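This report walks through selected side-chain interactions, one site at a time. Please keep the sequence and the structure at hand.

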Amino acid sequence: MKCAVKRWTETIRDDRGNRQTRQRMTVYYPDRLERYAMGKGSEWEPYQEDRQPFPTPWRDQNQKLLGIPVVHFRNPGGNSELWDAIPIQDAIHKSALDLLAAQDTAGFPLLIARGFNLTTDGAIPASDGSNLLKLAPGSWIGTPDAAQDVRRLEGADLDKMLRVVDSLIIKLAQVTDTPVSRFQMTGQIAAEGTLKPQASPLLAKVRNRQSKFGDAWEDCLYMARKLANLYGGAGLNEEAL
């Protein structure tokens with residue numbers, strides 16, 4: 001790795017105390033840090049933080065290079081572990097929103113009054129709908145029919161929509177090799193012989209990543225030790241493995 005880049009948006013206050021947002025960027029090299037702020041014309045301009053020089057030297061007390069303080073936890077195949085899960089997770093979010101919308105608009109019973117208008121002021125419905133009653137639990141719907149009676153319109157059955165959400169969750173578990181039993185709520189406890197095969201794909205995935213992620217954790221802690229000695233005076237032995 002030649003360098004690592006961190007970009008983010010921060011909120012600051014100008015000389016008049018007004019809140020403003022700006023883009024920031026820090027580039028980490030093995031021997032230095034370069035800080036930038038987005039200036040006028042969408043150009044990156046050097047930025048000095050806490051009176052530190054630009055670029056900021058990145059060396060220890062003995063002038064040895066600290067190295068890039070970013071460690072890549074590389075997933076097999078190069079894609080994020082969430083790559084295959086994101087489309088199904090988006091579908092779960094969409095289905096859950098649809099379910100909540102249906103629950104808000106049709107999940108409760110309504111009373112229908114025929115023969116008169118149920119408006120907020122007792123008059124006929126205004127052309128702009130300003131005096132119409134709002135749909136809510138316990139609300140009424142009125143019609144100007146000649147016949148007069150009162151009926152009850154039951155709320156919509158949301159079970160089918162619930163099953164869609166549950167089905168997508170099970171598919172997400174299958175795609176990510178997560179044991180399906182974790183998402184099935186039942187009073188019966190599956191036997192050990194049943195649970196073990198379900199966990200096998202997840203365990204295989206963990207073993208496949210064990211070495212790569214283990215090496216990454218080692219690099220991460222080596223860098224943490226260097227920074228603890230440099231900035232915290234920890235006095236840790238950097239030669240120890």
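## Glutamate 49

Glutamate 49 sits in the loop between β4 (44–46) and β5 (56–57). The model is predicted. Glutamate 49 counts as partly exposed, because its relative accessibility is 27%, and the range for that class runs from 20% to 50%.

Two residues touch glutamate 49 once its neighbours within four places in sequence are set aside: Arg24 and Arg35. With arginine 35 there is a polar contact, side chain to side chain, at 3.3 Å. Arginine 182 is another matter. Its C-alpha atom is separated from that of glutamate 49 by 48 Å, and the two residues are 133 apart along the chain.

## Arginine 24

Arginine 24 lies in strand β2. Is arginine 24 buried or exposed? Its relative accessibility is 1%, so arginine 24 counts as buried; the cut-off for that class is under 20%.

The side chain of arginine 24 has two partners to note here. One is the side chain of glutamate 10, in a polar contact at 3.4 Å. The other is the backbone oxygen of tyrosine 36, reached at 3.1 Å.

Leaving aside neighbours within four places in sequence, the contacts of arginine 24 include Lys6, Arg7, Trp8 and Glu10. Arg35, Tyr36 and Ala37 are also among them. So are Trp44, Tyr47 and Glu49.

## Salt bridges

How many salt bridges does the count come to? The count is 9. One of these joins the side chains of glutamate 10 and arginine 22, with N to O at 2.5 Å. This pair links distant parts of the chain. Glutamate 10 belongs to strand β1 (residues 4–13) and arginine 22 to strand β2 (residues 19–28), and the two are 12 residues apart. Glutamate 10 is classed as buried because its relative accessibility is 17%. Arginine 22 has a relative accessible area of 22%, so arginine 22 is partly exposed.

Arginine 32 and aspartate 31 form another salt bridge, and their closest N and O atoms are 3.1 Å apart. Arginine 32 is partly exposed, with a relative accessible area of 24%. Aspartate 31 is partly exposed as well, with 27%.

Lysine 94 and aspartate 98 also meet through their side chains, at 2.7 Å from N to O. Both residues are in helix α1 (residues 86–106). They are 4 residues apart there, so about one helical turn separates them. Lysine 94 has a relative accessible area of 48% and is partly exposed. Aspartate 98, at 31%, is partly exposed too.

Which residues are joined into one network by salt bridges that share partners? They are Glu10, Arg22, Arg24, Arg35 and Glu49.

## Aromatic pairs and a nonpolar patch

A search of the whole structure gives 4 aromatic pairs. In one of these, phenylalanine 73 and tryptophan 217 have ring centres 5.2 Å apart and planes at 75 degrees, so the pair is edge-to-face. The cut-off for that geometry is over 60 degrees. Phenylalanine 73 comes from the loop between β5 and α1, while tryptophan 217 comes from helix α3, so the pair ties together parts that are 144 residues apart in sequence. Phe73 and Trp217 also form one aromatic cluster with Phe213.

Phe73 and Trp217 appear again on the surface. With Leu221 they form a nonpolar patch, and the three together have about 330 Å² of accessible area. Phenylalanine 73 counts as partly exposed, because its relative accessibility is 31%. Leucine 221 is found in helix α3 (residues 192–232). Its relative accessibility is 54%, so leucine 221 counts as exposed.

## Alanine 216

Alanine 216 lies in helix α3. Its relative accessible area is 4%, so alanine 216 is buried.

Which residues touch alanine 216, apart from neighbours within four places in sequence? They are Val71, His72 and Phe73. Arginine 74 is 142 residues from alanine 216 in sequence. In space, the two are 8.1 Å apart, C-alpha to C-alpha.

Terms used. Residues are numbered from 1 along each chain as its sequence is written. This is a predicted model: local features need pLDDT of at least 70, side-chain atom pairs count only at pLDDT 80 or more; totals for chains, interfaces and linings use all residues. Side-chain values use heavy atoms; hydrogens and water are left out. Buried means under 20% relative accessible area, exposed over 50%, partly exposed in between (1.4 Å probe, protein chains only). Contact means heavy atoms within 4.5 Å. A polar contact is a pair of N or O atoms within 3.5 Å; within protein, one must be able to donate a hydrogen and the other to accept it, and residues adjacent in sequence count only if both atoms are side-chain atoms. A salt bridge is a side-chain nitrogen of Lys or Arg within 4 Å of a carboxyl oxygen of Asp or Glu. Patches are made of residues with over 30% relative accessible area and no salt bridge: like charges are joined within 9 Å, nonpolar side chains (Val, Leu, Ile, Met, Phe, Trp, Tyr) within 5 Å. Accessible areas come from the Shrake-Rupley method with a 1.4 Å probe; for residues, only the protein chains shown count as cover. Rings of Phe, Tyr and Trp (its six-membered ring) pair if their centres lie within 6.5 Å; planes under 30 degrees apart count as stacked, over 60 as edge-to-face and the rest as tilted.
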